[in-house]
Structure formats: C-alpha cells, structure tokens
Amino acid sequence: MDEPILTIVVPCFNEEAVLEETAKRLRAVLSRVCREHLASYGSTILFVDDGSSDRTWEMIDRNIQEYRDITGLKLSRNFGHQNALISGIETARPYSDCVITIDADLQDDVNAIRQFLLKYQEGYDIVYGVRDKRETDTFFKRNTALLFYRIMGKLGVKMVPNHADFRLMDRRVLDEFVKYQEENIFLRGMIPLLGFRSTEVYYNRAERFAGESKYPLKKMLNFAIDGLTSFSIAPIRMVTYLGGIVAGIGFLIGMYALIQHFLGHVVTGWTSMIISIWMIGGLQLIATGIIGEYIGKIFKETKHRPRYTVEKRLLTDGRRDVEKKALESKLG
Ligand code: UDP
Ligand code: MG
C-alpha cells in the first residue's frame, strides 16, 4: 500500500498560548509517522483560525512561512468549533487520503496519531480517539457529559461515548461526509451515521496545555441542544404523547368531577371549571404536538441528506470493486 497523504486539521480559537507548542509537537509526530512510512511526505498540518481576536493567526502565518508542512485557513469570523472543523475537512479533502482532526489545546494525545495510522493501514475507514479516563476534567464537566451521552442514546442518536473530535477519517468517509449539506452538523452524531469500518483507539486525556477552555457553560448548553435537535425529533413526539396522557387524565378527572357534581359534594362552578381546564390543556398539548409533527417532517426534508451510502460497487463482469472514478468515466 502506498503511504497515505495525511492532513491534520486543528481548529483554533484564541489559542495563542498553546499554538507554538502544538505546532512543535504535531510536526514531531508528523515527521515520525512519515519516517515510519505510515504517512507520505506530502502530509501537512492545517490550522484553522476560527476568527480569533488574539495573535493566533499571526502565529499560524509565521509557522507557514517557516515550515513546509504547515498550512492554514482563516475564517472570516468565529463560526464555532464544529464549523471550523468542517471547513478544515472540506479544504483538505481534495488532496488528502485521510484526515485527522484534533483540538489545539493538546488535551488529546498527539502520539495516538501514530496508532490511528496503524489502524488505517489495517483497513479501517474511521478511527475514533476515545479517552480512557476523564480525571482531568472537572467533576461538573464529566457528569454533564455523561448525562448528555445518555440522553442522546435514549433518543436514538448513536455516539461513541467519551469520544470528542479527535478522529481519523479516510477519503471514502470524507467523500460521503461532504454530501451531508445540512446547516447544523453535529460531527459526533454524524460520523457514526455514515457507516464504514470503524474502530477505537484509547488514550489518556491530559489537562489543557495552556489558556482557557473556549467552551463556557453557555456554549456547552448550546452545543448539547444543537446536537439533540439536529438529530432527533423525539422531543416533538414527546409533546404529542404528553398531550395524549394529559387528555386521558383530563377525561378521568372529568368523570370524577361529574360524579362529585351529581352527588352534590361541590360548590357551584367547580365541575365545569375543572373539566374545562383539563380538557383545554390536553387539547392544546395535542395540537402543539400535531403541529410539531409537521415541523419535524419539514425539518427532516430541509436537510437534504443523501438517502443512501454506497460502500462498494460490484458492477463489472469480473465483479471487482469498481472505484468511483472508473465508474463515472464508464457512465460518461
Ligand atoms: N474552538 C474553535 N472555535 C470555537 C471554540 C473552540 O475553533 O468557537 C476550538 C479550540 O481552539 C480548541 C477546540 O475547539 O482547539 C476545543 O475547544 P476547548 O479545548 O476550549 O474545549 P474543551 O476541551 O474545554 O471542551
Ligand atoms: Mg480542550
């Protein structure tokens, strides 16, 4: 097998405190894997500056001038972690055999990159970096993250637990990935959806090398809500069911109120009041749920997700796996 051209995509938002060290360590790893023939010498590191307001871009630029294996992408403003990653992936795709994404803060173990490439050599299309322990995260972050994975799992979104955005994807995966032209992409939920052969590599997650987390509570919450709502219409369904339940309870309470009324145990007006409160409450929830169901359908439609993913094509007489390019030229 030829050595793959690897691109390491690194999103950076106000990372001046770590950038120099990150570049140094990533370059060291890159030159090692090139020497070991795990990646080809054309491989590069792609820093994506996500609209930083500090000296991040200046530093990236200086590195680009100095080292041939460093490249950069500057976004026009802060688009957020996920979009920074996507912009890097899409930029790298045309010239890369595989892409590894990693955070700039050195929390992910750069040495795992070598293991990723070994797995790639074994034929895996996706390699997820999974942290062994979360000791270095705060108690709060660890538990909220766990809760998040749990809720997402219950709502039917497949995710790899304890995996952030440290992963390898090969060309086949990238080609499929760019077909998902939806606005809200939540990579951790999206990539497992693509299928293909995948595996995990475990590593110890370190403390942030320097600087502060760029994910304050507000961003974290938004991230969680986006993740949830861009994958699942389960919350809408819940409203519909809730409406049904409330209407059911309303009916029972209505019966009870009527019985009390005829037994003469009540003050005037109570029966009609109770019945109308529960009836209207239930009806309203059902109505909201029904409207929600339609919005859910529209939501799914507007994503224009591809309806299927082809893994192999067995179309020639010899039943060989025809590469996409060959197939396209055949079809004209
Ligand atoms: N990041 C980004 N844009 C943002 C926020 C964060 O590109 O709007 C980058 C950041 O520079 C880092 C990565 O995303 O490389 C993860 O952020 P951070 O380490 O602050 O998150 P945490 O590890 O605390 O969850
Ligand atoms: Mg971090």
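Me: In what order do the seven strands of the open sheet stand, and what kind of pairing do they show?

Reply: In this predicted model, the order is 3-2-1-4-6-5-7 and the pairing is mixed. Strand 3 (70-74) and strand 7 (198-203) each have a single partner strand, so one side of each lacks a neighbour in the sheet and both stand at the edges. From one strand to the next, the twist averages 20°.

Me: What makes strand 4 and strand 6 a pair?

Reply: Pairing requires at least two bridges. Four bridges join strand 4 (residues 98-101) to strand 6 (residues 163-170), and the two run antiparallel; the criterion is therefore met. I100 stands opposite L168 in strand 6.

Me: Across which strands does helix 3 lie?

Reply: Helix 3 (residues 81-92) lies across strand 1, strand 2, strand 3, strand 4 and strand 6, running at about 155° to strand 1. Helix 1 (residues 19-35) lies across strand 1 (6-12), strand 2 (44-49) and strand 3, and runs at about 155° to strand 2.

Me: Why is the approach of D105 to ligand 1 called a polar contact?

Reply: A polar contact is a pair of N or O atoms within 3.5 Å. An oxygen atom of ligand 1 is 2.5 Å from an N or O atom in the side chain of D105, so the pair qualifies. By the same limit, the 3.0 Å to an N or O atom in the side chain of N78 also qualifies. D105 is listed among the closest of the 19 residues that surround ligand 1.

Notes:
Residues numbered from 1 in each chain as written. Chains lettered and ligands numbered in written order. Predicted model: local features only at pLDDT ≥ 70, side-chain atom pairs only at ≥ 80, totals over all residues. Heavy atoms only, no water. Axes fitted to C-alpha atoms, helices over the stretch in contact; angles between N-to-C directions. Contact = heavy atoms within 4.5 Å. Near = heavy atom within 4 Å. Polar contact = N/O pair within 3.5 Å; in protein donor to acceptor, adjacent residues only side chain to side chain.
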